[in-house]
Amino acid sequence: MNTNFTFIRHFFITFLICFAIACTPTTDSGTNKTNNDDKENSGANSNNQASSSDIEKAVTRSEALDELFDNTTLGIITLTITQDQWDEMVSNTKSGNKKTVYVKSDFKYEKNGKTYEMNDIGVRNRGNSSYRAPVDDRGNLQQAHFKLKFDNFIDDDAHHAKKALKGINLKFMLNDMSYVQEVYSYDLFKCFGVWTAPRCSYAKLYIKIGDKEATYFGIYKAIEPVSKQFIKARIDTAKFSNDAGNLWKCLYQSGGPANLKNENLNTKIGVDTDSHTPVYSLKTNEENLNQEKEQLITFIKDLNNKTGSDFETWIENAFDVDLFLKTLAVSVSCGMWDDYWRNSNNYYLYFNKNGKAFFIPYDYDNSLGATNDIMQDPAEKNPLEWGKDNPKGAPLVTKILAISKYKEKYKEYLQKLIDPSNGYFDVNSSKQRINYWYDLIREFSSPDHNVSTYFEKDGAKNRWDLNEGKPSDKYSLLSSSNNYFDLRTAAIIQATGGQSPVYTVTFDPNGGNFTGDNAGETTVTIEKVAMGKNPQDLVTAKKDGFTLLGWYGDNDEKVTKITFSGTLTAKWQNSALFGYSVDTESKMITFTFDPKMYGMTAAEIESVYIWGNFNNWNTENKEYPLTNEDNSGIFSGTFDLPSNASEFKYGVNGKWKGADDRLSDYALPEEYGTDNIIIKW
């Protein structure tokens, strides 16, 4: 059924009635769903205008938003903007007016067989460090984040306007190479009962500028904004008692970290302006800032100053500790390093009318294995020490977890998350949900060719991989090798005192021969292999004239840490291509240099040495010479290098010879300014 409306003043009334008229049940899939199947739809039919009183009989605001942000279906959002308004938005963005300057746009949202339309909504670019204009310096369209505000140019005094959704945040996949980090994280929050998390789903975004055809900007995340309407949507489910309290957005800004320490609070607290974003920004009751900020200041002072039983009694009454521990367990499991605990950033606090505080998680695109200088190993990081390296500190976490009963409750929530019987964070349940979403969006992931992306700008478009699900070069979400969920589960088990899993692994030498204790065997099966073991530490093999690239799983990906039961197969490469071969039993490396590889003859060769990181790239070093003793024209030498993590070049007649095009697969990336040959074994 397709219900079309044009909304101006009464958009908000009609918006909720639409859900009452034609609620579409969610599909049966591997994704966790909100079950509204037993709700009886009421109100007017699609051919008649309903009265505003029908809203009270229809769905709640929470149920309406569950459908709008249903992550089992793909929405389509179209923005229609005049050329003048588009140019104004671009100009505003580039001038730095990023907080409050909106332009007019018409809005259409298609979801679950229904269409919602509205004229003259407000649109602007959004973001903090990710803020950029939708047009680059050369005039080319590019993906950017957008904020939609439905009532910006419309009077907000219509009956029942307080039950309306006021806008949507649209985010492109800035750092999210897997396309799933934020959607997965918010979905896990919801599944685990963290009702303070925003709703999030996928949408295709089209923008029609002036008289031009609509341009497809790609897959975006549609995210429920954290605002007063966010609070209202959680009142009708008996979560918050009222919406009269104070909502604070807490970000690491130029004024410093949002670490809730009693430092420079008067300079850190305020409201947003065009030129300034405070660390703690009041989002409700802004007109009473001077009065309302005392509540936050008192909370922070008590948090830092109270100790012992006084702190425990105070925090239990002043803060929803149990919900915070659930939030923390999900956040740390998902590896969100740009959070409060690790980076003093990205969260909201809401103080209800009675003064009790609630923690609201926010902005989860740096999760599920995303890495940077702040966090290099999120999967392996101890979840009990997640924020240990935060130089700014995080007293809300450290003081709560210092209380034994809360630390044990936190560990209990971590264990519940990884328990496969619960279907939350275990690898199989996670893969099922991710594959469902990939099937939903895969064919739509690339925008129109004339819209550049963040990854294209960085020359890494091919790193978008909706088959393996790679949030970074270090981890995978779907493959067996370096699987984030497996590695994170192991770290949680180790930290919480659980039983580490073991696996049964069969090795297939694939034409090679096992050495050492397994010599003469055609296959080798090892039981009870601990998670994280390197397969090359378990068995060794060799094949004359070939170099062992490593042990590979059924998806043809090299396995460096055991995280599953199954068969691993040896992969071999002709040693002549590398210029070296490795005897994995003796650890000796034989280097060979064929002058023909570089368009030379043996007669032209005066000397050949191996220079590398193992001898500090010293061109005077003659410790590793290659000779042509058998007059075959091939220069060779066998050495015991001090490290198996080595790179080298040939030193031919005193000049460097590195990897040519034929060796490019085995050379360091050109971005490092070199073509060293990597020794792989």
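**Entry 1: Lys204**

Which side chain of opposite charge is nearest to Lys204, and how far away is it? I looked this up in a predicted model. The nearest is Glu443, 7.3 Å away. Lys204 is buried, yet it has no salt bridge. A salt bridge needs a nitrogen and a carboxyl oxygen within 4 Å. I placed Lys204 in strand β8, which covers residues 200–209. Then I listed what Lys204 touches, leaving out residues up to four places away in sequence. The list holds Leu74, Gly75, Ile76, Ile77, Tyr216, Gly218, Ile219 and Phe444.

**Entry 2: the whole chain**

I stepped back to the protein chain. It has 17 helices and 29 strands. Of its 681 residues, 56% are buried. I also checked contacts with a separation of 6 or more. Residues 24 or more positions apart account for 71% of them.

**Entry 3: salt bridges**

I counted salt bridges next and got 21. I picked out a few.

Asp365 and Lys171 form one, with N and O 3.4 Å apart. Asp365 is in the loop between β14 and α12, and Lys171 is in strand β7, so the pair ties together parts 194 residues apart in sequence. Is Asp365 buried or exposed? Asp365 counts as buried because its relative accessibility is 7%. Lys171 is buried too, at 5% relative accessible area.

Arg433 pairs with Asp187, and their closest N and O atoms are 3.4 Å apart. Arg433 sits in helix α14 (residues 427–441) and Asp187 in helix α5, so this bridge links parts 246 residues apart in sequence. Both Arg433 and Asp187 are buried.

Asp439 bridges to Arg442, with the closest N and O atoms 3.2 Å apart. Asp439 is exposed, at 59% relative accessible area. Arg442 counts as partly exposed, at 31% relative accessibility. I also noted a network: salt bridges with shared partners join Asp66, Lys190, Arg199, Glu224 and Arg234.

**Entry 4: helix α5**

Asp187 led me to helix α5, so I looked at its cover. How many residues of α5 are buried? I found 9 of its 11 residues buried, and the helix spans 181–191. Among the buried ones are Gln181, Glu182, Tyr184, Asp187 and Phe189. After α5 comes Gly193, with a positive phi near 85°.

**Entry 5: helices α8 and α9**

I turned to a helix pair. Helix α8 covers residues 289–305, and helix α9 covers 308–318. Their axes come within 10 Å and cross at roughly 150°. The crossing is left-handed. Which residues make the contact? From α8 I noted Phe299, Asp302 and Leu303. From α9 I noted Phe311, Trp314 and Ala318. By class, the contact has 5 nonpolar residues, no polar ones and 1 charged.

**Entry 6: Lys356**

My last stop was Lys356. Where is it? Lys356 lies in the loop between β13 (347–351) and β14 (357–361). It counts as partly exposed because its relative accessibility is 28%. I checked its distance to Asn317, 39 residues apart along the chain. Their C-alpha atoms are separated by 7.0 Å. Neighbours within four places in sequence aside, Lys356 is in contact with Glu316, Asn317, Ala318, Phe319, Asp320, Tyr350 and Phe351. I had already met Ala318, as one of the α9 residues in the contact with α8.

Methods:
Residues are numbered from 1 along each chain as its sequence is written. This is a predicted model: local features need pLDDT of at least 70, side-chain atom pairs count only at pLDDT 80 or more; totals for chains, interfaces and linings use all residues. Side-chain values use heavy atoms; hydrogens and water are left out. Helices (H or I, at least four residues) and strands (E, at least two) are DSSP runs, numbered from the N terminus. Buried means under 20% relative accessible area, exposed over 50%, partly exposed in between (1.4 Å probe, protein chains only). Lys and Arg count as positive and Asp and Glu as negative; His and the chain ends are not counted. Contact means heavy atoms within 4.5 Å. Axes are lines fitted to C-alpha atoms, for helices over the stretch in contact, and angles run from 0 to 180 degrees between N-to-C directions. A crossing is left-handed if the near helix is turned anticlockwise from the far one by less than a right angle, and right-handed if clockwise. Ala, Val, Leu, Ile, Met, Phe, Trp, Tyr, Cys and Pro count as nonpolar, Asp, Glu, Lys and Arg as charged, and the others, Gly among them, as polar.
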